[in-house]
Amino acid sequence: MASRLARVSAAAARACGVRAAAPARTVAGTAARAGAALAHPGARTFSVAPALRDPSAGPQAAGSGPAGGAFAPIVDVTKDTFEREVVNSPVPVIVDAWAPWCGPCKQLGPMLERLVAGSQGKLRLAKVNVDEEKQLAGALRVQSIPAVFGVVGGRVVDTFVGVVPPERMTDFVNKLADAAAKGPQAPGKSELAQRMEAAEDMLFSTMRAVTGRGEKEGWPVKPWLAAARQQAERGEDLPAPPTDLPKGVPTDLPTITAVVEDAVRMFTAIADAVHAGLSTPSPPQAEDVAAGATAAILLARCHLATGEAELALATLDKHAATITQATNTDSGFEDRAAKARSDAVAAAQLEGLEGKLGDLKVAAAAVPLSAEALNALVEALKAADQPEAAINFLLEAIKLARKEGRDDDVGTAKTALFAAFDSLGAHPAVTAGRRQLGRLLF
């Protein structure tokens with residue numbers, strides 16, 4: 001739990017940024033082209049304050065420094081100067097991806113410049129205009145702006161997207177300082193692996209924001225995003241989000257929908273790139289294969305969220321070779337893929353079951369009540385992951401039968417309700433149902 005909360009904080013911030021079209025790119029191998037593992041959704045921002053540059057240097061060329069060859073505190077970088085100015089920088093670098101039209105970038109940019117100006121040479125700011133440097137922006141995987149990357153020794157140690165509160169900025173700088181104090185580190189996870197780790201946490205957290213489920217319940221079988229949209233269309237309130245969600249995780253349905261749509265595009269691109277790379281003379285490295293397998297599994301999860309169970313199954317079939325190869329180095333992929341497949345099969349069956357629920361409800365409501373019809377409806381609703389609906393139906397049946405003086409039907413419905421309570425165990429719906437039954441009878 002703690003690791004998930006820690007990892008999601010950076011990915012969560014993307015919901016606060018200005019969404020921008022992601023440049024077309026080949027996913028596998030972009031880390032090498034970027035010169036570092038800059039694995040996070042990205043951004044765009046504004047011009048550098050001239051007052052913070054060396055006044056004797058005249059107009060600043062990208063990557064130039066003051067006299068004597070020292071590194072300039074604030075530089076504009078291009079794909080040609082990125083390695084020199086960022087990867088090989090002797091001090092920690094804040095990489096700011098921006099565009100002149102971006103409002104939040106204009107708010108964040110001066111904050112970063114003041115931060116660097118007050119660091120007494122211990123930090124530098126490298127600005128990437130994504131409108132002019134599309135190839136570099138693509139390598140950095142910039143998708144929304146402003147996006148900021150903290151780089152120490154050519155290694156990304158922290159990222160965020162959007163205008164963040166002061167305490168988050170302080171935490172960001174502290175991480176750069178800590179990484180600089182530790183000196184050169186062994187190579188970490190690949191760019192794709194880092195990106196998938198953050199994306200998985202973000203997707204899981206948005207699901208929790210919508211459903212209220214905890215870590216132990218895991219992914220739901222039912223199409224949680226599609227169900228939430230239907231609730232909103234009916235004017236119903238969504239459950240209150242959990243209080244332990246990481247800061248920055250969106251809780252409003254439009255933003256959550258946008259996050260999932262962005263995730264589908266990203267997972268598709270990465271899974272397809274790795275899939276295509278498997279048949280080339282230079283296949284992806286093991287970590288990138290693992291990232292491709294993760295992307296495929298999460299893409300299937302996205303399809304399940306939107307009620308496309310057959311598409312989820314097709315996705316798992318298409319990328320079976322990637323998942324199998326990833327399993328060779330991490331057996332956990334086999335279990336994750338198998339669980340996603342079983343959930344997709346159950347969801348597909350659920351879609352067929354939804355059409356039968358109407359007939360089952362008609363049969364269960366027929367007077368006199370039939371224990372067989374009531375139990376059939378309860379089992380169908382449980383299979384459809386709607387235990388609350390099953391309990392509410394039986395409570396309404398008891399209420400109506402009491403009102404109409406049908407004592408035998410009251411007993412039949414109560415028996416079915418107690419059986420439902422027993423089968424559901426410690427489900428929260430049982431506690432609420434028992435409470436409502438007590439009010440109804442007494």
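This is a dialogue about reading a few features of a predicted model.

Colleague: Where do I begin, and how many helices and strands does the protein chain have?

Modeller: Keep in mind that the model is predicted. The protein chain has 17 helices and 7 strands. Of its 442 residues, 48% are buried. Among contacts with a separation of 6 or more, residues 24 or more positions apart account for 72%.

Colleague: How do I read a strand, and which way do the side chains of β3 point?

Modeller: In a regular strand the side chains alternate between the two faces of the sheet. In β3, V93, V95 and A97 point one way, while I94, D96 and W98 point the other way.

Colleague: How many residues of strand β3 are buried?

Modeller: Strand β3 covers residues 93-98, and 6 of its 6 residues are buried, so the strand is largely enclosed by the rest of the structure. That holds for the residues pointing either way.

Colleague: In what sense does β3 pair with β4, parallel or antiparallel?

Modeller: The pairing of β3 with β4 is parallel and runs over 6 bridges. To find the place in the model, look at W98, which stands opposite N129 in β4. Between the two strands the chain passes through α4, and this β-α-β crossover is right-handed.

Colleague: What is the sense of the pairing between β3 and strand β6?

Modeller: Strand β6, residues 147-152, pairs with β3 in the antiparallel sense, over 5 bridges. Here V93 has V151 of β6 as its bridge partner.

Colleague: Next, aromatic rings. How many aromatic pairs are there?

Modeller: A pair of aromatic rings is described by the distance of the centres and the angle of the planes. The count for this structure is 3 aromatic pairs. One of them is F160 with F172: the ring centres are 5.0 Å apart and the planes stand at 85 degrees, so this pair is edge-to-face. The cut-off behind that word is an angle over 60 degrees.

Colleague: Which parts of the chain does the pair of F160 and F172 link?

Modeller: F160 belongs to strand β7 (residues 155-161) and F172 to helix α6 (residues 166-182), with their positions 12 residues apart in the numbering. The pair thus links distant parts of the chain.

Colleague: Is F160 buried or exposed?

Modeller: F160 counts as buried because its relative accessibility is 0%. F172 is buried too, with a relative accessible area of 0%.

Colleague: What about the backbone? What is the phi of Q120 near?

Modeller: Most residues other than glycine have a negative phi, and most peptide bonds are trans. Q120 has a positive phi, near 55 degrees, and is not a glycine. Q120 sits in the loop between α4 (103-117) and β4 (124-129). With a relative accessible area of 73%, Q120 is exposed.

Colleague: Which residues does a cis peptide bond join?

Modeller: The cis bond joins V367 and P368, with omega about 0 degrees. P368 is in the loop between α13 (332-365) and α14 (371-383).

Colleague: How many disulfides does a search of the whole structure find?

Modeller: The search finds 1 disulfide. C102 and C105 form the link, and their sulfur atoms are 2.3 Å apart. The angle about the S-S bond is 80 degrees, and the link is right-handed. Both C102 and C105 are buried.

Colleague: I would like to compare two threonines. Where is T280, and where is T327?

Modeller: T280 is in the loop between α9 (253-277) and α10 (286-305), whereas T327 is in helix α12 (residues 320-329). T280 counts as partly exposed because its relative accessibility is 35%. T327, at 18%, counts as buried, since buried means under 20%.

Colleague: What do the two threonines touch?

Modeller: A polar atom of the T280 side chain lies 2.7 Å from the backbone oxygen of G277. Leaving aside neighbours within four places in sequence, T327 is in contact with F333 and E334.

Colleague: Last, how far apart are P428 and P387 in sequence and in space?

Modeller: In sequence P428 and P387 are 41 residues apart, and in space 9.6 Å, taken from C-alpha to C-alpha. P428 lies in helix α17 (residues 428-441). P428 is exposed, at a relative accessible area of 60%.

How values were computed. Residues numbered from 1 in each chain as written. Predicted model: local features only at pLDDT ≥ 70, side-chain atom pairs only at ≥ 80, totals over all residues. Heavy atoms only, no water. Phe/Tyr/Trp six-rings, centres within 6.5 Å; stacked < 30°, edge-to-face > 60°. Helix = DSSP H or I, 4+ residues; strand = E, 2+ residues; numbered from the N terminus. Buried < 20%, exposed > 50% of the residue type's maximum accessible area, 1.4 Å probe, protein only. Pairing = 2+ DSSP bridges. Right-handed = clockwise from strand over helix to strand, strands pointing away. Disulfide = S-S within 2.5 Å. Contact = heavy atoms within 4.5 Å. Polar contact = N/O pair within 3.5 Å; in protein donor to acceptor, adjacent residues only side chain to side chain.
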